[in-house]
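Welcome to this short briefing. Please take a look at the chain below before reading on, and keep it open while you go through the points.

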Amino acid sequence: MNSKEIELNLTELVSPPKTDSISGRTFGQGYAQKKNIVDEISKGSKFKIVIDDNYIKAINDSFWKGLFSELFRKYKTKERVESFFTFKANEYFKKHIEKNLTILDAIFNV
C-alpha cells in the first residue's frame with residue numbers, strides 16, 4: 001500500500017466572480033468519483049482538502065454529504081472517515097465540515 005497524500009483544492013470548483021459557492025449532493029458525489037476518493041483510500045492514500053476563502057465563500061451541506069456518503073457506507077464511522085483527511089481551511093469551514101461529518105455519522109449509525 002502506498003501512503004501518498006492527494007490534495008483536493010476545492011478552488012477548482014468555483015469560477016469567481018461568477019461563482020464563489022459550492023453546492024449539491026450529486027455534485028459532491030461526482031467530485032468524489034472524479035477524484036477516485038474511495039479507490040485511492042483503498043490503496044492507502046490520504047487526502048488534504050484545501051479551501052481558500054479568498055475564492056470560496058460558501059459550501060452547502062449537501063455537497064459534503066455527497067462527497068463523504070460513499071465513504072460512510074464503506075467505513076461506517078466519523079472517526080474512521082476523518083482519519084483519511086486533513087483540512088487546510090479557516091475555522092468556519094472546519095466547523096462546517098465537522099458538523100456534516102457528525103450528521104453523516106448519525107445517519108449511517110442509527
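How many helices and strands does the secondary structure of the chain come to? There are 5 helices and 5 strands, in a model that is predicted. Read from the N terminus, the elements follow the order β-β-α-α-β-β-α-α-β-α. The points below start with the whole chain and then turn to particular residues.

**Overall form**

- The radius of gyration of the chain is 13 Å, which agrees with the value near 13 Å that a compact globule of 110 residues would have.
- Taken along the principal axes, the box filled by the C-alpha atoms is roughly 40 × 35 × 25 Å.
- Buried residues make up 36% of the 110 in the chain.
- If you look at contacts between residues at least 6 apart in sequence, 78% of them join residues at least 24 apart.
- The chain exposes about 6,200 Å², and 50% of that comes from carbon and sulfur atoms.

**Helix H1 and its two sides**

- Helix H1 spans residues 25-34, and its buried residues are Gly-28, Tyr-31 and Ala-32.
- Why do these residues sit on the same side of H1? They cover an arc of only 100° around the axis, and this puts them on one side together.
- Thr-26, Gln-33 and Lys-34, on the other side of H1, are exposed.
- The cover over the buried residues of H1 includes strand E1 (5-9), helix H2 (37-42) and helix H3 (61-75).

**Aromatic rings**

- A pair of aromatic rings is described by how far apart the centres are and by the angle between the planes.
- The chain has 10 aromatic pairs.
- One of them joins Trp-64 and Phe-68: the ring centres are 5.9 Å apart and the planes are at 15°, so this pair is stacked.
- Trp-64 and Phe-68 both belong to helix H3, where they are 4 residues apart, so about one helical turn separates them.
- Both Trp-64 and Phe-68 are buried.
- Tyr-92 and Phe-93 offer another arrangement: with centres 5.3 Å apart and planes at 70°, their rings form an edge-to-face pair.
- Is Tyr-92 buried or exposed? Its relative accessibility is 54%, so Tyr-92 counts as exposed.
- Phe-93, in turn, is buried, with a relative accessible area of 2%.
- Ring pairs also link a cluster made of Phe-27, Tyr-31, Phe-47, Phe-63, Trp-64, Phe-68, Phe-85 and Phe-87. Two names here have already come up: Tyr-31 as a buried residue of H1, and Trp-64 as a partner in the stacked pair.

**Lys-78 and Asp-105**

- Lys-78 has its place in helix H4 (residues 78-82).
- With a relative accessible area of 11%, Lys-78 falls under the 20% cut-off and is therefore buried.
- Which side chain makes a polar contact with the side chain of Lys-78? The partner is Glu-98, at 2.2 Å.
- Beyond its neighbours within four places in sequence, Lys-78 is in contact with Phe-72, Glu-98, Leu-101, Thr-102 and Asp-105.
- Asp-105 is part of helix H5 (residues 91-108), and its side chain reaches the backbone nitrogen of Lys-78 at 2.9 Å.
- Again leaving aside neighbours within four places in sequence, the contacts of Asp-105 are Phe-72, Lys-76, Thr-77 and Lys-78.
- Asp-105 and Glu-79 are 26 residues apart in sequence, while their C-alpha atoms are 8.9 Å apart in space.

**Backbone points to check**

- Most residues other than glycine have a negative phi, and most peptide bonds are trans. The residues below depart from one or the other of these patterns.
- Pro-16 and Pro-17 are joined by a cis peptide bond, with omega at about 5°. Pro-17 is placed in the loop between E1 and strand E2 (21-22).
- Asn-36 has a positive phi, near 50°. It is found in the loop between H1 and H2, and Asn-36 is partly exposed at a relative accessible area of 38%.
- Lys-76 also has a positive phi, near 75°. Its place is in the loop between H3 and H4, and with 44% relative accessibility Lys-76 counts as partly exposed.
- Lys-76 appeared above too, among the contacts of Asp-105.

Definitions and conventions
Residues numbered from 1 in each chain as written. Predicted model: local features only at pLDDT ≥ 70, side-chain atom pairs only at ≥ 80, totals over all residues. Heavy atoms only, no water. Buried < 20%, exposed > 50% of the residue type's maximum accessible area, 1.4 Å probe, protein only. Arc of directions from axis to C-beta. Contact = heavy atoms within 4.5 Å. Polar contact = N/O pair within 3.5 Å; in protein donor to acceptor, adjacent residues only side chain to side chain. Rg over C-alpha atoms; globule rule 2.2 N^0.38 Å. Areas by Shrake-Rupley, 256 points an atom, 1.4 Å probe, with all protein chains shown as cover. Phe/Tyr/Trp six-rings, centres within 6.5 Å; stacked < 30°, edge-to-face > 60°.
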